[in-house]
Amino acid sequence: MHFRKTRVMRRGVRQHLAGLVANQHLNVMRPDFDRLKAILTNCVRLGPQSQNRDSLAGFRSHLEGRVGFVEMINAARGQRLRKIFEQIQW
């Protein structure tokens, strides 16, 4: 192992790998969760067309997949997002 590629990460430091936080249990990174929650909330308030900034053809499927990913990693946080997702008027 190369010493520059390894380091000891203490308890207070976010230990992330492959887009997930792995401190005491796996979780989604907070900025990613907050961004997804904001997109879903704005879809409820302003409509999903206003949040489809990349003009994705399957925007609903895209959001549903992201919510499903969060549910797979952390069921409690995923359920919060699923409730918001179900309120969107498609």
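Is Arg-35 buried, partly exposed or exposed? Select Arg-35 to begin: at 47% relative accessibility, Arg-35 counts as partly exposed, where buried means under 20% relative accessible area, exposed means over 50% and partly exposed lies in between, computed with a 1.4 Å probe on protein chains only.

Before moving on, note that this is a predicted model, in which local features need pLDDT of at least 70 and side-chain atom pairs count only at pLDDT 80 or more, while totals for chains, interfaces and linings use all residues. Residues are numbered from 1 along each chain as its sequence is written, and side-chain values use heavy atoms, with hydrogens and water left out.

**Stop 1: the pair in H1**

Keep Arg-35 selected and add Asp-32, with which Arg-35 forms a salt bridge, the closest N and O atoms being 3.4 Å apart; a salt bridge here is a side-chain nitrogen of Lys or Arg within 4 Å of a carboxyl oxygen of Asp or Glu. Because Arg-35 and Asp-32 are three residues apart in helix H1 (residues 30–46), about one helical turn separates them; helices are DSSP runs of H or I with at least four residues, numbered from the N terminus. Asp-32 is partly exposed as well, with a relative accessible area of 31%. By the salt-bridge rule the count comes to three, and the next stops turn to Arg-82.

**Stop 2: H1 against H3**

Now select H1 together with H3, which pack at an angle of about 140° with their axes 11 Å apart; the axes are lines fitted to C-alpha atoms, for helices over the stretch in contact, and angles run from 0 to 180 degrees between N-to-C directions. H1 and H3 are therefore oblique to each other, given that angles under 35 degrees count as roughly parallel, over 145 as roughly antiparallel, 65 to 115 as roughly perpendicular and the rest as oblique. The contact, meaning heavy atoms within 4.5 Å, is made on the H1 side by Asp-32, Phe-33, Leu-36, Ile-39, Leu-40 and Cys-43, and on the H3 side by Phe-59, Leu-63, Arg-66, Val-67 and Val-70. By class, the contact of H1 with H3 has nine nonpolar, no polar and two charged residues, where Ala, Val, Leu, Ile, Met, Phe, Trp, Tyr, Cys and Pro count as nonpolar, Asp, Glu, Lys and Arg as charged, and the others, Gly among them, as polar.

**Stop 3: H3 against H4**

Hide H1 and show helix H3 (residues 59–73) with helix H4 (residues 75–86), which pack at an angle of about 155°, their axes being 6 Å apart. That angle makes H3 roughly antiparallel to H4. Among the residues of H3 that meet H4 are Arg-60, Leu-63, Glu-64, Val-67 and Glu-71, and the H4 residues that they meet include Ala-75, Leu-81, Arg-82 and Phe-85. By class, this contact of H3 with H4 has seven nonpolar, three polar and five charged residues.

**Stop 4: around Arg-82**

Which residues does Arg-82 touch, not counting residues up to four places away in sequence? Centre the view on Arg-82, which lies in helix H4, and the residues that appear in contact under that condition are Glu-64, Val-67, Gly-68 and Glu-71. Arg-82 is buried, with a relative accessible area of 16%, whereas Glu-64 counts as partly exposed at 36% relative accessibility. The side chains of Glu-64 and Arg-82 meet in a salt bridge, 3.7 Å from N to O, and this pair links distant parts of the chain, with Glu-64 in helix H3 and Arg-82 in helix H4, 18 residues apart. Add Glu-71 to the selection: Arg-82 forms a salt bridge with Glu-71 too, the closest N and O atoms being 3.0 Å apart, and here again the pair links distant parts of the chain, Arg-82 in helix H4 and Glu-71 in helix H3, 11 residues apart. Viewed together, Glu-64, Glu-71 and Arg-82 are linked in a network of salt bridges.

**Stop 5: the loop between H2 and H3**

Finally, select Ser-55, which is found in the loop between helix H2 (48–51) and H3. Phi of Ser-55 is near 55°, a positive value in a residue other than glycine, and Ser-55 is exposed, with a relative accessible area of 63%. Arg-53 is found in the loop between H2 and H3 and is exposed, with a relative accessible area of 63%. To end the tour, draw a distance between the C-alpha atoms of Arg-53 and Arg-80, which are 27 residues apart along the chain and separated by 23 Å.

Key
Helices (H or I, at least four residues) and strands (E, at least two) are DSSP runs, numbered from the N terminus.
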